[in-house]
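This report sets out the domains, the nonpolar cores, the internal space and the backbone features of one protein chain. The sequence and structure are shown first.

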Amino acid sequence: MKIITTTDDLAAFCARAHAAPYVTIDTEFLRERTYYAKLCLIQMALPGPDGPGSGEAVIVDPLAGDKGLSLAPLAELMRDETTVKVFHAARQDLEIFYFDLGVMPRPLFDTQVAAMVCGHGDQVGYETLVRKLAKGQVDKASRFTDWSRRPLSDAQLAYALADVTHLRVIYEKLAEQLEATGRAPWVDEELEALTDPETYVTRPEDAWKRIKTRSNGGRFLAIVRELARFRENHAQSRNVPRARVYKDDALLELASLRPATMEDLGRARLLLRDARRGDIAQGILQAVADGQALSPTEFPETPPDRAALQVNPALADLLRVLLKACCESGGVAQKLVASAADLDAIAAGERDLAALRGWRREVFGAHALRLCEGALALGVQGQSVRMINLTEPG
């Protein structure tokens, strides 16, 4: 087990990786006490001449500050378009590379996405793929350890390394399945969003859109927006979790109470103690005042998904049956094709949805539209649902 703690050793490994067809990568990090993830470990593995399981595997320790470790060689490897970067459930790893290294790994392969496209289940876990495709086992005992503490135990290091050594076999087998089914473009389409830097940027002025509210009143949403904006700015600037500033339920309570003074603020039941004084308290009062001062023309527009949809419940139920049938027939995970909210939106007449475009249209979307138009019926044959064309497809 090689642990890299110097820039020279990292550069030497990356030079070998530049010559490889792919490199498997995983990270260990902490973010319970910070806004941005704290990178604690990087694991990488290369295929070998005797098969995917025979190559080199290393652990990079970015917290080895006394060694003067620079991650610049790794950033250069991430930019190399000739070496595929293989991750499992890559989103959080990509966010770290984007913010810590200023780079988005390309070309990218996400084995979780590929496994869903190949019919291995919804959001299939790494351990499941290790068992099914690599015929191995992963010891989960070290999963929830503190990766920032040094020294790391042998059990921690072995667990971390297993996240990339089995991944080589998983990648090669999934790549073969995609080649055989012609579905590689489906994965590429899914990965476009994952490799878009905008996916990882949270703008304070848009933070309110993630908050679930029961009221769509203009003034109420204006105050929610200003409170969410302040919270996001405060959390980002101090690198603390947004929930440490105040949680969503406290934010909604504040938007209802609309405190104008410290005394008013004291009536909030859900605020943490630290939010009742100092910079946070002043920020809350200013945010509420800013929301109160807005004219109706400046109120935020309710996002389309917050509007009450006029859902045809019978049609929504039929679409659920259709989705299950299409995905079972096509061997693809249902969650990757359409969500329950997507089905409700289709039943309500919405048509600008990912479920109706691209490869999803081929698998499900075209049939869904015909069902909505009364051109397709569903029947039962034995244990299976079958589609019955009432008119010829256009």
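## Backbone features in the loops

In this predicted model, lysine 135 sits in the loop that runs between α5 and α6. Its phi is near 55°, a positive value in a residue other than glycine. Lysine 135 is also exposed, its relative accessible area being 65%; the cut-off for that class is over 50%. A further positive phi, of about 45°, occurs at glutamine 123, which is likewise not a glycine. Glutamine 123 belongs to the loop between α4 (111-117) and α5.

Two cis peptide bonds also fall to be described. One joins arginine 106 and proline 107, with omega about -10°, and proline 107 lies in the loop between α3 (91-101) and β6 (108-110). The other runs from arginine 150 to proline 151, with omega near 5°. Proline 151 is placed in the loop between α5 (126-133) and α6, the loop that also holds lysine 135.

## Domains and nonpolar cores

The domain assignment divides the protein chain into domain 1 (2-200), domain 2 (204-298) and domain 3 (306-389). Between the C-alpha centres of domain 1 and domain 2 the distance is 38 Å. The contact between these two domains takes 6 residues from domain 1 and 8 residues from domain 2.

Which residues have the most contacts inside the largest nonpolar core? They are Leu10, Met44, Val60, Leu74, Leu319 and Phe364, in a core of 96 residues. Helix α6 (residues 154-181) supplies the largest share of this core, 10 residues. Domain 1 (2-200) and domain 3 (306-389) each contribute at least three residues to the core. Apart from this core lies another, of 27 residues, with Ile211, Phe230, Val245 and Ala268 among them.

The surroundings of leucine 319 can be given in detail. Leaving aside residues up to four places away in sequence, leucine 319 touches Leu343, Ile346, Ala347, Phe364, Ala368, Leu371 and Cys372. Phe364 is thus both a contact of leucine 319 and one of the residues with the most contacts inside the largest core.

## Pocket and cavity

The largest pocket has a volume of about 670 Å³. Its lining comprises 23 residues, and those nearest the centre of the pocket are Thr27, Glu28, Phe29, Gln92 and Tyr159. Two or more lining residues come from each of β2 (22-30), α3, α5 and α6. Of the elements, β2 gives the most to this lining, with 6 residues.

How many cavities of 30 Å³ or more are counted? The count comes to 1 cavity. The largest cavity holds about 50 Å³ of space, and its lining consists of Arg31, Tyr36, Ala37, Glu95, Ile96, Phe99 and Asp100.

The table sets out the residue classes in the two linings.

| Lining | Nonpolar | Polar | Charged |
|---|---|---|---|
| Largest pocket | 9 residues | 6 residues | 8 residues |
| Largest cavity | 4 residues | no residues | 3 residues |

In the lining of the largest cavity there are thus no polar residues, whereas the lining of the largest pocket includes 6.

Technical notes
Residues are numbered from 1 along each chain as its sequence is written. This is a predicted model: local features need pLDDT of at least 70, side-chain atom pairs count only at pLDDT 80 or more; totals for chains, interfaces and linings use all residues. Side-chain values use heavy atoms; hydrogens and water are left out. On a 1 Å grid over the protein atoms alone, a cavity is a set of points where a 1.4 Å probe fits but cannot get out, and a pocket is an open set with protein on both sides within 12 Å along at least five of seven lines; lining residues have an atom within 4 Å of a point. Grid points are joined across faces, edges and corners, and a volume is the space filled by probe spheres set on the points. Ala, Val, Leu, Ile, Met, Phe, Trp, Tyr, Cys and Pro count as nonpolar, Asp, Glu, Lys and Arg as charged, and the others, Gly among them, as polar. A nonpolar core is a set of buried Ala, Val, Leu, Ile, Met, Phe, Trp, Tyr and Cys residues joined through side-chain atoms within 4.5 Å. Buried means under 20% relative accessible area, exposed over 50%, partly exposed in between (1.4 Å probe, protein chains only). Helices (H or I, at least four residues) and strands (E, at least two) are DSSP runs, numbered from the N terminus. Domain bounds come from an automatic or database domain assignment. Contact means heavy atoms within 4.5 Å.
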